[in-house]
Amino acid sequence: AADPLKADREVVLEAVRQNGHALWCAADPLKADRELVLEAVRQNVDALQFAADPLKADRELVLEAVRQNWVALYHAADHLKADREFVLEAMVQNVDALQFAADPLKADRELVLEAVRQ
C-alpha cells in the first residue's frame, strides 16, 4: 500500500481485521494504537510482534494474546516474562510457555514442578 494508506486508520483497521499480519506494514503511530493492535491480535496472535513496545508491555492486551496462543509470551515485554502469575497463565495453555519466561522463573522450583506435573 502507498505510504498515506499505511497511516490511514480506517484502511489499516479493515486490513488487520482480514489479516492480523497486515499490522507489519502499518505506520508506526498505528502500531501504537491499542484498539487497532487488539483487533490485529484477535485475528492473528502473531501480530503482537509488530505492535509498538508499550503495547507489548500492556498486561491486558498481551494476556488476551497469550490466552489465544501461549507462544505470544515470546513477544511480551521482559517484565511480563518475569511475572510469575503471568507466566503461570501462559502455562495453563501449554507448559512449554516456561521456555519464554525470564531466567529466574525457569529456576523457580514450583513452576518447574508444575510444568513436570502437566
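The exchange below goes through salt bridges, burial and helix packing in a predicted model.

Tutor: Residues are numbered from 1 along each chain as its sequence is written, and side-chain values use heavy atoms, with hydrogens and water left out. Because this is a predicted model, local features need pLDDT of at least 70 and side-chain atom pairs count only at pLDDT 80 or more, while totals for chains, interfaces and linings use all residues.

Student: Why is the pair E39 and R17 called a salt bridge?

Tutor: The term requires a side-chain nitrogen of Lys or Arg within 4 Å of a carboxyl oxygen of Asp or Glu. The closest N and O atoms of E39 and R17 are 3.5 Å apart, so the pair qualifies. By this rule the count is 14 salt bridges.

Student: What makes E39 and R17 a link between separate parts?

Tutor: E39 is in helix α4 (residues 34-43) and R17 in helix α2 (residues 9-18), so the salt bridge ties together parts 22 residues apart in sequence. Helices here are DSSP runs (H or I, at least four residues), numbered from the N terminus.

Student: How do you know whether D58 and R34 are buried or exposed?

Tutor: Buried means under 20% relative accessible area, exposed over 50%, and partly exposed in between (1.4 Å probe, protein chains only). D58 has 17% and is therefore buried, whereas R34, at 29%, is partly exposed. D58 and R34 form a salt bridge, with the closest N and O atoms 2.6 Å apart. D58 lies in the loop between α5 (53-56) and α6 (59-68) and R34 in helix α4, so this pair joins parts 24 residues apart in sequence.

Student: What else does the side chain of D58 reach at the start of α6?

Tutor: A side-chain oxygen of D58 comes to within 3.1 Å of the backbone nitrogen of E60. This fits a polar contact (a pair of N or O atoms within 3.5 Å; within protein, one must be able to donate a hydrogen and the other to accept it, and residues adjacent in sequence count only if both atoms are side-chain atoms).

Student: Why are α4 and α6 called roughly parallel?

Tutor: Their axes come within 10 Å and cross at roughly 5°. Axes are lines fitted to C-alpha atoms, for helices over the stretch in contact, and angles run from 0 to 180 degrees between N-to-C directions. Angles under 35 degrees count as roughly parallel, over 145 as roughly antiparallel, 65 to 115 as roughly perpendicular and the rest as oblique. The two helices, α4 and α6, are therefore roughly parallel.

Student: Which residues make the contact between α4 and α6?

Tutor: R34, V37, L38, V41 and R42 of α4 meet E60, L61, E64, A65 and Q68 of α6, where contact means heavy atoms within 4.5 Å. They divide into five nonpolar, one polar and four charged. Buried in α6 are L61, V62, L63, A65 and V66, and the buried residues of this helix pack against α4, α5, α7 (78-81) and α8.

Student: What makes D33 buried?

Tutor: Its relative accessible area is 15%, so D33 falls under the cut-off. D33 is found in the loop between α3 (28-31) and α4. Its side chain reaches the backbone nitrogen of L36 at 3.0 Å. Leaving aside residues up to four places away in sequence, D33 touches R9 and L55.

Terms used: Nonpolar A, V, L, I, M, F, W, Y, C, P; charged D, E, K, R; others polar.
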